[in-house]
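Q: I have a new protein to look at, and I would like to learn how to read it. Could you walk me through it step by step?

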Amino acid sequence: MNNRLKSGAALAVALGLSIATASAETARIFWKDLRPATQPAAESVGLPMVAARMPDRGETLSVNLRDKAIQLAGYALPLDRDGDLVYQFLLVPWTGACSHMPTPPPNQIVLVTPARPYRMSQAYQPVAVTGALEPGMEKSQLFILDGVSVIQSGYTVRKAEVVDVDLVPDTITLPANSPWSFLNKKNN
């Protein structure tokens with residue numbers, strides 16, 4: 001087995017998926033693949049990663065992924081739901097993003113519409129999304145306890161396959177002194 005195949009198999013296992021769930025055409029990507037190489041990662045600029053501090057405001061997108069079948073793991077934050085059924089959600093790179101702390105830059109937010117309603121047991125549920133990635137700015141309303149927040153996402157995946165995962169390989173852990181560090185703890 002060559003190294004590329006081994007690393008792909010290791011990622012599939014880490015995401016809790018079998019290799020058969022994604023076609024050979026599906027590229028397993030990470031959050032860093034959605035931003036320019038010159039843009040610092042959140043952990044290097046300190047959380048929260050605020051778009052206003054960036055020269056391009058986080059609006060530079062990776063167009064080389066346009067219409068490619070991708071698989072990306074992150075945390076689901078529901079936008080449109082009925083009870084535990086979610087019809088649309090934001091996929092974000094760390095827990096607390098958008099509702100508990102400033103919004104990540106648009107190139108670190110994916111607007112996801114599942115192929116069929118997704119049953120979500122909690123906000124910021126770790127999931128893997130598979131589908132065609134479409135770069136382009138979209139605004140969504142996120143209803144939070146103290147009102148509505150308008151969130152700009154840089155990517156969309158429609159008709160997405162969504163599965164629960166135990167691990168988001170490239171997640172950013174909130175600092176221990178963050179008032180939202182409780183979100184780092186996995187519910188048992």
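A: Gladly! Let's start with confidence: pLDDT is the predictor's confidence in each residue, from 0 to 100. We need it here because this is a predicted model.

Q: Which elements have the lowest and the highest mean pLDDT?

A: Helix H1, residues 3–14, has the lowest mean, 43, and E4 has the highest, 97. Over residues 1–22 the pLDDT is below 50, and this stretch has 21 contacts in the model beyond near neighbours in sequence. For the protein, the average is 76, and 62% of the residues score at least 70.

Q: Now the inside. How many residues does the largest nonpolar core have?

A: A nonpolar core joins buried residues such as Val, Leu and Phe through their side-chain atoms. The largest one here has 21 residues, and Leu34, Phe89, Leu91, Val110, Val129 and Leu133 are those with the most contacts inside it. Strands E2, E3, E4, E6 and E7 each give two or more residues to this core, and E7 gives the most, with four. There is also a second, separate core of 12 residues, which includes Ala73, Tyr75, Tyr124 and Ile151.

Q: Which residues is Val129 in contact with, leaving aside its neighbours within four places in sequence?

A: Among them are Ile70, Leu72, Phe89, Leu91, Val112, Val157 and Val162.

Q: Is Val165 buried or exposed?

A: Buried means under 20% relative accessible area. Val165 has 6%, so Val165 is buried. Val165 lies in the segment after E7, and its C-alpha atom is 5.1 Å from that of Val127, 38 residues apart along the chain.

Note on methods. Residues are numbered from 1 along each chain as its sequence is written. This is a predicted model: local features need pLDDT of at least 70, side-chain atom pairs count only at pLDDT 80 or more; totals for chains, interfaces and linings use all residues. Side-chain values use heavy atoms; hydrogens and water are left out. A nonpolar core is a set of buried Ala, Val, Leu, Ile, Met, Phe, Trp, Tyr and Cys residues joined through side-chain atoms within 4.5 Å. Buried means under 20% relative accessible area, exposed over 50%, partly exposed in between (1.4 Å probe, protein chains only). Contact means heavy atoms within 4.5 Å.
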